[in-house]
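Let's take a walk through a protein chain together, starting with its overall plan and ending with a few individual residues. Keep the picture in view as you read.

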Amino acid sequence: MSRNVPDWPPVDVEPVPVHPKAPSAGTKLGPHYSECFGCGDEVPTGLRLQSTMGDEHTVHSQFTVTAAHQGAPGLAHGGLLAAAFDEALGATVGYQLRKPAVTGRLETDFLRPVPVGSTLFIVGKLDGMAGRKVYVSANGHLDAEDGPIALRARALFVIVAVEHFTTHGDKDAIAKLSESSQRRPDLNP
C-alpha cells in the first residue's frame, strides 16, 4: 500500500534556537509535574514516561505498557499511545526551548500492534520553528532502541505565555509546581 505523506514541516521553518541552559546529552529528565499522566511519578496507572536528552536536538523517551494501558485484550490502547507521543514530543520541545508550549496538532501513524508488557522507545526531534509554532516528530521503536517502528508521530506545539496555565489551570497546583521549580535549577530559564 502506498501512502501520500505531506511534506513535514508543512511550512517554511527556521532552525529551532535551543536554549543555552538546555540539558546536555545524556541528562536524565525528571517529570515536569509529579501528577502528570504522561511522566509523573505520582499517578499509579500513568505512563511514567522516562526521558533522556539525546544528541542533535533529540529526546529519548520510553515506557512499558501495562495491563492498565490496554484497549483490546493484551494490546495497548491507541489513544494511550498517542498520549505517550504527546508527552515525549512535549518533553522534546519543553526541555530544549525552556519555554511553555502546548500541543496544537498531533498526528499519529499506527504501524504495528504494541502488546502489553512491551516497551516503547520514542525518539523525538525538533524539526523547525515558524514564529511561535514549533514542529517536532518522533518514531516509536518496539522493545529496543533499534527495534521495529511501531508508531510515528508529528506534532505542532505553540509557545504560550505562563498565563495560559494560570488562567485555565489549577492555581493551587501551579503554585506548588512553581515552588518546586524554585528548588530545581534545571527547570529555571
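Before we set off, keep in mind that this is a predicted model. The chain has 189 residues, and its regular parts are 3 helices and 7 strands. If you trace these elements from the N terminus, you meet them in the order β-β-β-α-β-β-β-β-α-α.

How much of the chain is buried? Buried residues account for 38% of it. The accessible surface adds up to about 10500 Å², and carbon and sulfur atoms contribute 53% of that area. It is also worth asking how far apart in sequence the touching residues are. Take the contacts between residues at least 6 apart in sequence: 66% of them join residues at least 24 apart.

Now let's look at how some strands pair. Strand E2, residues 50-53, and strand E3, residues 58-64, pair in the antiparallel sense over 4 bridges. One place to find this pairing is serine 51, whose bridge partner in E3 is serine 61. E2 and E3 form a hairpin, with 4 residues between the two strands. In the turn you will find glutamate 56, which has a positive phi of about 50°.

E3 has another partner as well: it runs antiparallel to E5, and 7 bridges join these two strands. Here you can look for histidine 60, whose bridge partner in E5 is valine 123.

Next, let's turn to the nonpolar residues. The largest nonpolar core holds 29 residues, and those touching the most other members are Phe63, Leu97, Val114, Leu120, Ile122, Val134 and Val136. Several elements supply at least two residues each to this core: helix H1 (78-97), E5, strand E6 (133-142) and strand E7 (149-159). Which of them gives the largest share? That is H1, with 8 residues. There is also a second, separate core of 5 residues, and Leu29, Met53, Val59 and Tyr95 are among them.

For a view from inside the largest core, pick valine 114, one of the members named above. Setting aside its neighbours within four places in sequence, valine 114 is in contact with Val65, Leu75, Ala76, Leu81, Leu142, Ala150 and Leu151.

A polar residue makes a good next stop. Aspartate 127 sits in strand E5, which spans residues 119-130. Is aspartate 127 buried or exposed? Its relative accessible area is 18%, so aspartate 127 counts as buried, since the cut-off for buried is under 20%. What does its side chain meet there? One polar contact, of 2.7 Å, is with the side chain of lysine 125. Another, of 2.8 Å, joins the side chains of aspartate 127 and serine 137. Beyond its neighbours within four places in sequence, aspartate 127 is in contact with Trp8, Pro9, Val13, Tyr135, Val136 and Ser137.

Finally, let's check the cysteines. How many disulfides are there? The count comes to 0. Cysteine 36 is in no disulfide, and its nearest cysteine sulfur, that of cysteine 39, lies 3.9 Å away. Cysteine 39 is likewise in no disulfide. A disulfide needs two cysteine sulfur atoms within 2.5 Å, so a pair must meet that limit to count. Cysteine 36 is buried, at 12% relative accessibility, and cysteine 39 is buried too, with a relative accessible area of 11%.

Technical notes
Residues are numbered from 1 along each chain as its sequence is written. This is a predicted model: local features need pLDDT of at least 70, side-chain atom pairs count only at pLDDT 80 or more; totals for chains, interfaces and linings use all residues. Side-chain values use heavy atoms; hydrogens and water are left out. Buried means under 20% relative accessible area, exposed over 50%, partly exposed in between (1.4 Å probe, protein chains only). A polar contact is a pair of N or O atoms within 3.5 Å; within protein, one must be able to donate a hydrogen and the other to accept it, and residues adjacent in sequence count only if both atoms are side-chain atoms. Contact means heavy atoms within 4.5 Å. Two strands pair if DSSP finds at least two bridges between them. Accessible areas come from the Shrake-Rupley method with a 1.4 Å probe; for residues, only the protein chains shown count as cover. A nonpolar core is a set of buried Ala, Val, Leu, Ile, Met, Phe, Trp, Tyr and Cys residues joined through side-chain atoms within 4.5 Å.
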